[in-house]
Amino acid sequence: MNYNKKTIYDVDVKGKKVLLRCDFNVPQDKKTGEITSNKRIVAALPTIKYLLDNGAAVIACSHLGKPVATFEGYVKKQVEKGKNEADITREEWEKSLKKLTLAPVAKRLSELLGKDVIFASDTIGEDAKAKAAALQPGQIMLLENLRFAKGETKNDPAFAKALADMAELFVSDAFGTVHRAHASTAGVAAYLPAYSGLLVDKELSIMGKALDNPVRPFVAVLGGAKVSDKIAVINNLLEKADTIIIGGGMAYTFKKAQGFAIGKSLLEADRIDYAKDMIAKAEAKGVKFLLPVDNYCAAEFSADAEPVLAEGDIPEDLMGMDIGPKTQELFGAAVKGAGTIVWNGPMGVFEFEKFAGGTKAMAKALAESGAVTIVGGGDSASAVEKLGFADKITHISTGGGASLEFLEGKELPGVACLLDK
Ligand code: AMP
């Protein structure tokens with residue numbers, strides 16, 4: 001996959017209408033709808049400001065949440081959730097959509113930018129078209145939630161074309177959605193010259209380089225709950241990394257494959273053979289494959305459970321909840337001399353304070369390593385942020401699913417569609 005894509009610096013945006021895909025999928029208070037974190041809006045500001053300062057007219061767009069675009073679809077989903085079909089009303093569906101309007105984002109964006117943000121009450125309807133047509137250089141507008149339109153997630157060419165028709169250039173700056181082939185993330189590039197924004201460019205240049213041309217030794221640290229989620233990542237990294245470290249709940253399937261007792265720990269029995277294969281493959285390739293040698297265990301999956309340290313085998317009545325001190329040392333030493341470290345997935349149940357030690361130690365080891373450090377989105381990113389190490393990490397990816405697919409070496413539709421340099 002080619003990550004070397006043209007950016008907004010490679011095109012003259014002056015006087016051009018730019019369709020800008022942002023990630024304004026902000027967290028909101030369930031009751032009041034208030035935006036509880038500005039982070040994603042703030043992250044979009046550099047690209048927006050660059051475009052506006054350089055004379056573009058910006059038509060920003062994003063999705064928010066998971067609205068169901070049709071009443072029929074809404075009914076189906078509610079029935080799946082166990083609701084009685086006869087009780088589901090159109091009003092209720094409309095209310096569910098209203099909750100996911102991007103209007104509050106337009107307001108917040110306007111406050112942060114210090115200028116008016118024109119809000120369109122639809123995506124490709126009369127209001128959006130008229131406002132886009134009237135938009136002047138230096139002005140910005142925001143379309144309503146893209147997923148209110150049923151063509152968005154289906155990557156309907158007609159919807160993509162209608163979006164594209166409002167603009168002259170497309171800029172992709174929503175890394176969190178580049179693994180999806182939706183109309184606004186990939187489809188529009190069939191009709192407009194497509195460039196990366198500054199956020200996407202940062203992700204591509206740092207992660208792309210780490211995977212294709214890493215400063216060695218290249219150490220990959222994987223954790224989290226499930227082996228099955230990370231199979232493609234391990235496969236891909238076995239071809240690229242010098243050391244693979246496995247922690248978290250997924251480590252126990254590997255320990256089982258090695259013949260250890262794992263008590264009540266997480267196990268994916270149908271992945272044991274795969275785990276054996278991976279260990280053998282790593283050995284054959286000369287890739288160091290490190291697994292926990294001791295674990296903090298618990299009798300039950302609870303924040304109040306008393307940690308019990310087990311070396312090697314885990315007793316029958318216990319489950320592994322976090323890596324132990326010897327493992328912290330082993331993993332820490334492996335990370336110490338690294339040139340590049342990629343980390344995806346916590347080392348234990350870090351949401352429980354008593355079992356957060358391994359994840360903390362890993363975050364600290366990365367922070368102190370002096371290596372190029374990249375933390376995948378999702379849980380490991382929030383762990384690093386929560387534990388206060390974020391400013392010592394080279395790059396924390398803004399996309400959970402997208403960064404995982406990046407590590408899998410998969411072609412990302414929202415990246416593949418951008419113009420090559
Ligand atoms: P993932 O989404 O696959 O990255 O997994 C993250 C989740 O894995 C977190 O919610 C952790 O609590 C969980 N996790 C990590 N270690 C363990 C473990 N030893 N047992 C059960 N769950 C774990």
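# Briefing: ligand shell, salt bridges and cysteines

Arg216 has a relative accessibility of 46% and therefore counts as partly exposed. This residue belongs to a predicted model, in which the salt bridges number 19 and the disulfides number 0. A ligand is also present, with 16 residues surrounding it. The points below take up the ligand, the salt bridges, the cysteines and Lys5 in turn.

**Ligand surroundings**

- Among the 16 residues around the ligand, the closest are Ala225, Gly249, Gly320, Glu351 and Asp379.
- By residue class, this shell consists of 7 nonpolar, 5 polar and 4 charged residues.
- Two secondary-structure elements, helix H8 (227-238) and strand S12 (319-323), each contribute at least two residues to the shell.
- On the backbone side, a polar atom of Gly249 is 3.1 Å from a nitrogen atom of the ligand.
- Two side chains approach oxygen of the ligand: an N or O atom of Lys230 is 3.5 Å from a ligand oxygen atom, and a polar side-chain atom of Asp379 is 3.5 Å from an oxygen atom of the ligand.
- The ligand taken alone exposes 500 Å², of which the protein buries 80%.

**Salt bridge between two loops**

- Asp242 and Arg216 form a salt bridge through their side chains, with an N to O distance of 3.0 Å.
- This pair links distant parts of the chain, its two residues being 26 residues apart. Asp242 is located in the loop between H8 and strand S8 (243-246), whereas Arg216 is located in the loop between helix H7 (198-212) and strand S7 (218-222).
- Asp242 has a relative accessible area of 27% and is therefore partly exposed; Arg216, at 46%, is likewise partly exposed.

**Salt-bridge network in helix H4**

- Shared partners in salt bridges join Lys107, Arg108 and Glu111 into one network.
- One link of this network is the salt bridge between the side chains of Glu111 and Lys107, at 3.7 Å from N to O. Both residues are in helix H4 (residues 103-113), and their separation of 4 residues corresponds to about one turn of the helix.
- The side chain of Glu111 also takes part in a salt bridge with Arg108, where the closest N and O atoms are 3.7 Å apart. Arg108 and Glu111 are 3 residues apart in helix H4, so about one helical turn separates them.
- Lys107 is exposed, its relative accessible area being 56%.

**Cysteines**

- Why does Cys22 form no bond with the closest cysteine sulfur? That sulfur belongs to Cys61 and lies 6.9 Å from the sulfur of Cys22, which is too far for a bond; the cut-off for a disulfide is 2.5 Å between the sulfur atoms.
- Across the whole structure, the search finds 0 disulfides.
- Cys22 is buried, with a relative accessibility of 1%.
- Cys297 is buried as well, with a relative accessibility of 0%.

**Lys5**

- Lys5 is located in the segment before strand S1 (17-21).
- Is Lys5 buried or exposed? With a relative accessible area of 5%, Lys5 is buried, because the limit for a buried residue is under 20%.
- A polar side-chain atom of Lys5 lies 3.0 Å from the backbone oxygen of Leu418.

Methods: Residues are numbered from 1 along each chain as its sequence is written. This is a predicted model: local features need pLDDT of at least 70, side-chain atom pairs count only at pLDDT 80 or more; totals for chains, interfaces and linings use all residues. Side-chain values use heavy atoms; hydrogens and water are left out. A residue is near a molecule or strand if one of its heavy atoms lies within 4 Å of it. A polar contact is a pair of N or O atoms within 3.5 Å; within protein, one must be able to donate a hydrogen and the other to accept it, and residues adjacent in sequence count only if both atoms are side-chain atoms. Accessible areas come from the Shrake-Rupley method with a 1.4 Å probe; for residues, only the protein chains shown count as cover. Ala, Val, Leu, Ile, Met, Phe, Trp, Tyr, Cys and Pro count as nonpolar, Asp, Glu, Lys and Arg as charged, and the others, Gly among them, as polar. A salt bridge is a side-chain nitrogen of Lys or Arg within 4 Å of a carboxyl oxygen of Asp or Glu. Buried means under 20% relative accessible area, exposed over 50%, partly exposed in between (1.4 Å probe, protein chains only).
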